[in-house]
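This report describes selected features of one protein model. Please consult the sequence and the structure shown below while reading.

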Amino acid sequence: MTLDPVTLAVIENGLNQICSEMDLVHEKTSFSPVISEGFDRSNGIYALENGQMIAQGALGLPIFLGVMQFATEAVIELRNDLGPGDIVIQNDPYLGGTHLMDVKMVMPFYYRGRPWCYLSNTGHWPDTGGMVPGGFNSTATEIQQEGLRLPPVKLMEGGELCQDIIDIILTNIRVPEERIGDIRAQIGALRTGEKRLTALLDRYGAATVEAAIAELRARSEMQMRACIEALADGTYSFTSYVDSDGVVNEPLAVALDMTVQGSDITFDFSRASPPCRGPMNCVWATTQSAVYVAMKHIFPDVPINSGCFAPLHIPKPGGTFLYAEYPRPVAGCAAEVSQRIMEAVFGAMGQIIPERMFAAPAGTSGNLALGGYDPEEDQNYIMYLFSGGGYGGWWETDGLTNGCSTVGISKTQPIEILEQHYPLVFEEYALREGSGGAGRHRGGFGVSYRIRLLRGEGKASFLMDHGRFGPPGLMGGEPGATNQIEISQGGSVALPEHISKGEGYTLEPGDWVQVRTPGGGGYGLPSERLPETIERDLRRGYYSSAGQPSVAA
C-alpha cells in the first residue's frame, strides 16, 4: 500500500498523541508526587508479534524507550493466555525491566475482535518493600533485599481486578493507600490508549495504519543509517566509572569499544568490570536502552520507533556487571549505571564528531529517599526525591544549569509540594555556583539543597553517583564538580563512606541532609574562554574573583 505524505504524517502524529495522552492521564491521576509532579513514567504502543516499539509519547521517560519493548516481549513469551480486558503487571528486572520500583503494566489491545498490538506503561512507585524505604538500598547483595519482585501476573482478567494480586502487593509495601491510587492511574492510562487507538483505526482503517507503521519504521532505520554512514569507520574506546557498588568501595569500569562500520555501529562492553556484590549491577534491557537513549541524544532528529534501533548492535556483555543475572541486586541500574553507559557512548562519539558533541552531563539522578512516621498526620510516609545537575558545555555555548538526568525528562518535584506532603523543610535550594567544568564553554551548574526533618523519625538512604569522579570535559575542557553529601545527626556532621551512596541514617527532628549535585564538564580549553564571558559570570556571582583564575586559566 502506498501512502501519501499527509496521511503518513497524520497517522504518525496520531500514534504519538495517543501515547502522550496516556502519559497525561497517568500523571494527573497518580497519587505519588514522583509521578504526578516528577513525571517518572512512560506509556507506549508495541507490536503484537514481538513487542517492538511502535510509538512512545514525547512526555514519556526516555530510558523506558527500549525497556518497555523488552518487558512486553517477555509477556508475549510467558503469557499466551491473555484475552480482552486482561492486564499483566510485572517489575521483574531480569524480564525486560530496570529496578523493582519501575512497575510495568502490559495490556493486549483488540480491534474488532482480533488482537492488534500491546499497550504498555511504566510508573515509578516510591516503594515496593525491601530493606529501606524507597527501595534504593545501597548495601543489598541479592534481589530479595530490594523489595517485592513480580513476574508477569494478571492484575485484571476480563476487565475485573484480581483482588488476590492486589492484596499481595499492598501487604508487602509501605503506604499501601498511596499505591492503590498509582495502580488505578496506570490502568486508567491504558484504558485511555485503548479508546484513542480504536478511534484512530476506525478513522483510517487497520490496513492503512499498519502500512503507515511499517513505513515509519523503515524511514526511521534509514535516517539512523544515514547518520551513522557520515561517521568515520573505525573502533573508538572510552571508559566511564561508577563510584562504587555500595558494598565494595572501589570504582566499577564501564569500558566501551565502539566500532563504526558503514551504516552499523557495534557497542562492545565486554571489558566492563565483572558482576558486583552491591546494587549497581545493570540488567540487559537497561544496558541496551541506555545505548538507545544516548544515540537519540546525539541524533535527536531521528524519529523514535524500533526502526532506529536496527543499526545498533550490542553483544551481550556476559560476565560483566552490565549483564545482571538472578539474584544480583540492581537498584542502581536504571537511574545511575545507565547514565555511565551513556557517558561512555558520548565519550567514544566525541572522538569522531567533537564539533557536534558535548561534554559529559552531571550523570546522576540524585536518588534520595526518606521514610518514617509523621506524628502530626498519624501516618507513615515515603518521600523519593531526584534532583538536577549541570549539562556539559558544547560547541556553541555553556551547558544547561539544573537539567534533568540524561535518562529522563523528569523534573524535580516542587519543594512546596514535598513540604506539604512530608514532615520536613527545605532550608536551601539554590544553584551550586562554580560547579561547572572550566572550558571555552563551561559546564552548567548543579544544585545545592538541604532538607531538615521537622518531627517524628525518618530513615534516609541515597544512591547517587559521580562523587569520586566529576563529569569529564571534552576537547580539553575540565571535569565538572563531583557530587557531595553531608548528614547531620544530633549536631554531628558526617560524610558517607561510599561518597555518593549510603543508608541506615536515622534522623530525629532537627537533623538534616545536604546534597550538592555535579556540574557538567567543560568544552574546549579554558584559556580560550572569552574575557567578556568571564566578566559576565563574575558579574552574576557565579564565581568569586579568587576562584575565577582556575576557571579561566
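In this report a residue is called buried when its relative accessible area is under 20%, exposed when it is over 50%, and partly exposed in between (1.4 Å probe, protein chains only). The structure is a predicted model, in which local features need pLDDT of at least 70 and side-chain atom pairs count only at pLDDT 80 or more, while totals for chains, interfaces and linings use all residues. Residues are numbered from 1 along each chain as its sequence is written, and side-chain values use heavy atoms, with hydrogens and water left out.

## Salt bridges

A salt bridge is a side-chain nitrogen of Lys or Arg within 4 Å of a carboxyl oxygen of Asp or Glu. The whole structure contains 32 salt bridges. Three of the pairs are listed here.

| Pair | N to O distance | Relative accessible area |
|---|---|---|
| Arg271 and Asp257 | 2.8 Å | Arg271 45%, Asp257 16% |
| Arg179 and Asp182 | 3.2 Å | Arg179 1%, Asp182 0% |
| Asp202 and Arg112 | 3.9 Å | Asp202 45%, Arg112 71% |

Helices (H or I, at least four residues) and strands (E, at least two) are DSSP runs, numbered from the N terminus. The salt bridge of Arg271 with Asp257 links distant parts of the chain, 14 residues apart: Arg271 is in the loop between strand 10 (264-268) and helix 7, and Asp257 is in strand 9 (residues 252-261). Arg271 is partly exposed, whereas Asp257 counts as buried. Elsewhere, Arg79, Asp81, Asp86, Lys154 and Glu157 are joined into one network by salt bridges that share partners.

Arg179 and Asp182 are both found in helix 5, three residues apart, which is about one turn of the helix. Arg179 is buried, and Asp182 is buried as well.

The salt bridge between Asp202 and Arg112 also connects distant parts of the chain, with the two positions 90 residues apart: Asp202 belongs to helix 5 (residues 176-204), and Arg112 to the loop between strand 4 (102-111) and strand 5 (114-124). Asp202 is partly exposed, while Arg112 is exposed.

## Backbone features

Arg112 has a further feature: its phi is near 50°, a positive value in a residue other than glycine. Val175 likewise has a positive phi, of about 55°, although it is not a glycine. Val175 is located in the loop between helix 4 (163-171) and helix 5. With a relative accessible area of 10%, Val175 is buried.

The peptide bond that leads from Tyr326 to Pro327 is cis, with omega near 5°. Pro327 is part of the loop between strand 11 (312-313) and helix 8 (333-349).

Glu427 is placed in strand 14 (residues 424-432) and is partly exposed, at 42% relative accessible area. The C-alpha atoms of Glu427 and Trp512 are separated by 9.3 Å, although these positions lie 85 residues apart along the chain.

## The largest pocket

Pockets were located on a 1 Å grid over the protein atoms alone: a pocket is an open set of points where a 1.4 Å probe fits, with protein on both sides within 12 Å along at least five of seven lines, and lining residues have an atom within 4 Å of a point. Grid points are joined across faces, edges and corners, and a volume is the space filled by probe spheres set on the points.

The largest pocket has a volume of about 480 Å³. Its lining comprises 28 residues, of which Gln56, Gly57, Leu65, Lys296 and Ile304 are the closest to the centre. Two or more lining residues come from each of helix 1 (5-29), strand 2, helix 6 (206-229) and helix 7 (284-298). Strand 2 gives the most, with four residues. By type, the lining has 15 nonpolar, 10 polar and three charged residues; here Ala, Val, Leu, Ile, Met, Phe, Trp, Tyr, Cys and Pro count as nonpolar, Asp, Glu, Lys and Arg as charged, and the others, Gly among them, as polar.

## A nonpolar surface patch

Leu24, Leu59 and Ile409 make a nonpolar surface patch of about 200 Å². Patches are made of residues with over 30% relative accessible area and no salt bridge, nonpolar side chains (Val, Leu, Ile, Met, Phe, Trp, Tyr) being joined within 5 Å and like charges within 9 Å. Accessible areas come from the Shrake-Rupley method with a 1.4 Å probe, and for residues only the protein chains shown count as cover. Leu59 lies in the loop between strand 2 (53-56) and helix 3 (64-78), and is partly exposed, with a relative accessible area of 31%.
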